[in-house]
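Biologist: Before we talk about this protein, could you show me the structure and take me through the terms one at a time?

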Amino acid sequence: MLPSEEALTAVTLWVAASHIQPALQHAPRLAVVGPTKGCGKSRVLDVLHETVSRPMMTVNTSPGVVFRIIGEDPPTLLVDEADTIFGPKAGDKEDLRGLLNAGHQRNRPAWRISGPEHKPTAFPTFAMAALAGIGDLPDTIMDRAVVLRMQKRKPGEKVAPFRSRHSVPELNALRDRLAAWLTPLRGTAHRLVPPMPVEDRAADTWEPLVIVADLAGGHWPAQARAACLAMTRNEVVQDEQTTLKTRLLRDVRRVFEQEGHREALRSQDLLAALIQDAEAPWAEYGTKGLNAYHLANLLRDFGISPANHRFENGRQAKAYARNQFLDAWARYCPDPAPPAPGAEETVVARRAQGKPPAPPSGALPIGPPGGPAGPRPTR
């Protein structure tokens, strides 16, 4: 099961974006991950294989093959069992891992000695790639990816069965319609600089999907940006929950809030409050729980350290001053940004009224296959 309607929007636009790869500056990865087997990760790749532009499915290919097949019109790489590349048994696949990292951005070639004359040769790396595996992929990949967090079906949940005899011809027909619509628009797509609801690498990753949405018009521009906001926020939360140091910053902020934003907290009081949180990992940190040494060590990279502080009763004690944390809180665990004006309201209105929201001003009047609203996605 796809986790949300936003994920369905994202994978739909990712498929379409593969048909304008030569016009793109960034090649977003699609990370298809799940907590266990049986979540449908390989089935997603089956569907992608029949709908993307020039698919290259691989489980155990050699890096040399991939280096040589990527050119000006690159294939769309589909990698199943990604642990063979990133896991402890990766072995000689480090070259392929490097290719997948570099290929997110255009003009990042891999140099190799090649041919009988042993000349230095630049091999292009730029290509869209979907990678499926159990558990999160390395941060360098996840940071460059649209992330689909697949779920196992609950009893009673129904999905349409995938049968090659019937499904493959239908998907191939859709692929051909996408290619017929988008291939002539590559020049237009190359010139588009769409307004993005996110910044930095997230904007680089989602821009190809938003470009396709703006070319489609109708409800797609608003729907794509809403999906971008929702899914990137979800990954921020996931990253915060799995990054211990960031978790510590958030928990320390919570303790200061509970203490009325006092100027400073004694180290032992801060430790006691952290350990008392039954949902936090601090009571089981190390061999006997989080201690003063651990706390100082975890905070050192943020430029935060305890110091002698005089409290109201005149006594001195080792303490952490609140103002030491302000910069780290702002940088690494900021308060959630307010949603873009109208973005979430538009999606809610569309679902409630059954009508697509109006596209933002400036959307190109170019219709995709299936009419102005584009092909209707199905599960």
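Modeller: A helix here is a DSSP run of H or I with at least four residues, and a strand is a run of E with at least two. Counted that way, this predicted model has 15 helices and 10 strands.

Biologist: What makes β4 and β5 a pair of strands?

Modeller: Two strands pair if at least two bridges are found between them, and 5 bridges join β4, residues 110-114, to β5, residues 119-123; therefore they count as paired. The two strands run antiparallel, with Ile-113 standing opposite Pro-120 in β5. They form a hairpin with 4 residues between them, and in its turn Gly-115 has a positive phi of about 80 degrees.

Biologist: Why is the set that includes Trp-14, Leu-30 and Trp-206 called a nonpolar core?

Modeller: The name requires buried residues of certain kinds, Leu and Trp among them, joined through side-chain atoms within 4.5 Å. The largest such core has 49 residues, and Trp-14, Leu-30, Leu-48, Leu-148, Trp-181 and Trp-206 touch the most other members. Among the elements that give two or more residues to this core are α1, β1, α7 and α10, and α1 gives the most, with 9 residues. A second, separate core of 24 residues includes Val-252, Leu-298, Ile-304 and Trp-329.

Biologist: How do you know that Trp-206 is in contact with Ala-10 and Met-231?

Modeller: Contact means heavy atoms within 4.5 Å, and, leaving aside neighbours within four places in sequence, the residues in contact with Trp-206 include Ala-10, Val-146, Cys-228 and Met-231.

Key:
Residues numbered from 1 in each chain as written. Predicted model: local features only at pLDDT ≥ 70, side-chain atom pairs only at ≥ 80, totals over all residues. Heavy atoms only, no water. Buried < 20%, exposed > 50% of the residue type's maximum accessible area, 1.4 Å probe, protein only.
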